[in-house]
Amino acid sequence: MCVEAARLAPSADNVQPWRFIVLDDPAYKKLFCESVLTGLFRRTRFIEKAPVIVVLAAKTSLIVHRVGKRVVKTDVQLIDMGIAGEHFVLQAQELGIGTCWINMFSPKRAKRFLGLPSGMRVISLIAMGYPAEGATKNRRDLPLDSILFYNKNRIK
Ligand SMILES: Cc1cc2nc3c(=O)[nH]c(=O)nc-3n(C[C@H](O)[C@H](O)[C@H](O)COP(=O)(O)O)c2cc1C
């Protein structure tokens, strides 16, 4: 199960900040999309067609995340959530389920709609479903020699 794979993800100081809200009730999912994907984010409404939308929410104000942000200037919370989300996505892929990370939406609106408590924020959505028959990927990947560097070999 995808959330089981995410549950086992590493996190800074093992704080496991993630919570997953599965929107699989068609009427509720539709209402979510209509309420949250408004204005600039209307173009994200296409995710309403996905059978399932998963909301990635995170606990806020965890000490390790605050230290990361203030002292090291690194958003460790986002790293934790990114790793867990990608565990989820890779497990889905293994099961033949297609996914799409979504960040073109208002996390504030999503939080309000879902009635999340004050110590939580919405990070991302993941739309998921079985790919259409014959669906192909059309993406350009950077060649390895443009992203991999060794020792004194400087990034250009
Ligand atoms: C953090 C993140 C946010 C994304 N947000 C959106 C989004 O809001 N809308 C969208 O259509 N795709 C979004 N995507 C999907 C990317 O455009 C897509 O992953 C990328 O083009 C590579 O395609 P692939 O995942 O099919 O290989 C997002 C992906 C990531 C990783």
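## Helix α2 and what covers it

In this predicted model, the buried residues of helix α2 have neighbours that include strand β1 (18–23), strand β2 and helix α5 (107–114) as cover. Helix α2 itself spans residues 26–36, and its buried residues are Lys 29, Phe 32, Cys 33 and Val 36. Looking down the axis of α2, you will find these buried residues within an arc of 95°, so they line one face of the helix. That fits a handy rule: an α-helix has 3.6 residues a turn, so residues three or four places apart point the same way.

## Strand β4 and its partners

Let's turn to the strands. Strand β4 covers residues 120–129 and runs antiparallel to strand β2 (residues 52–59), with eight bridges joining the two. To find your place in this pairing, look for Ile 53, which stands opposite Ala 127 in β4.

Strand β4 is also joined to strand β3 (residues 98–102), again in an antiparallel arrangement, through five bridges. Here Gly 98 faces Gly 129 of β4 across the pairing.

## The nonpolar core

Which residues have the most contacts inside the largest nonpolar core? They are Ile 53, Val 55, Leu 56, Leu 125, Ile 126 and Ala 127, in a core of 30 residues. Contributions of at least two residues each come from α1 (2–7), β1, α2, β2, α4 (76–94) and β4. As a general point, nonpolar side chains in soluble globular proteins tend to be buried together.

Ile 126 makes a good stop on a tour of the core. Leaving aside residues up to four places away in sequence, Ile 126 touches Val 54, Leu 56, Gly 85, Phe 88, Val 89, Thr 99, Trp 101 and Ile 102.

## A closer look at Trp 18

Trp 18 belongs to strand β1. Is Trp 18 buried or exposed? With 23 other C-beta atoms within 10 Å, Trp 18 is buried, because 20 or more is the cut-off. Setting aside residues up to four places away in sequence, Trp 18 touches Ala 6, Leu 56, Ala 58, Met 81 and Ala 84.

For a sense of distance, pick out Met 104 as well: Trp 18 and Met 104 are 86 residues apart along the chain, and their C-alpha atoms are separated by 20 Å.

## Around the ligand

Met 104 also appears in the set of residues around the ligand, together with Thr 44, Cys 100, Trp 101, Ile 102, Asn 103, Lys 137 and Arg 139. By character, this shell divides into four nonpolar, two polar and two charged residues.

Definitions and conventions:
Residues numbered from 1 in each chain as written. Predicted model: local features only at pLDDT ≥ 70, side-chain atom pairs only at ≥ 80, totals over all residues. Pairing = 2+ DSSP bridges. Helix = DSSP H or I, 4+ residues; strand = E, 2+ residues; numbered from the N terminus. Buried ≥ 20, exposed ≤ 12 C-beta atoms within 10 Å, placed from the backbone. Arc of directions from axis to C-beta. Contact = placed C-beta atoms within 7 Å. Core = buried A, V, L, I, M, F, W, Y, C linked by C-beta atoms within 7 Å. Near = placed C-beta within 6 Å. Nonpolar A, V, L, I, M, F, W, Y, C, P; charged D, E, K, R; others polar.
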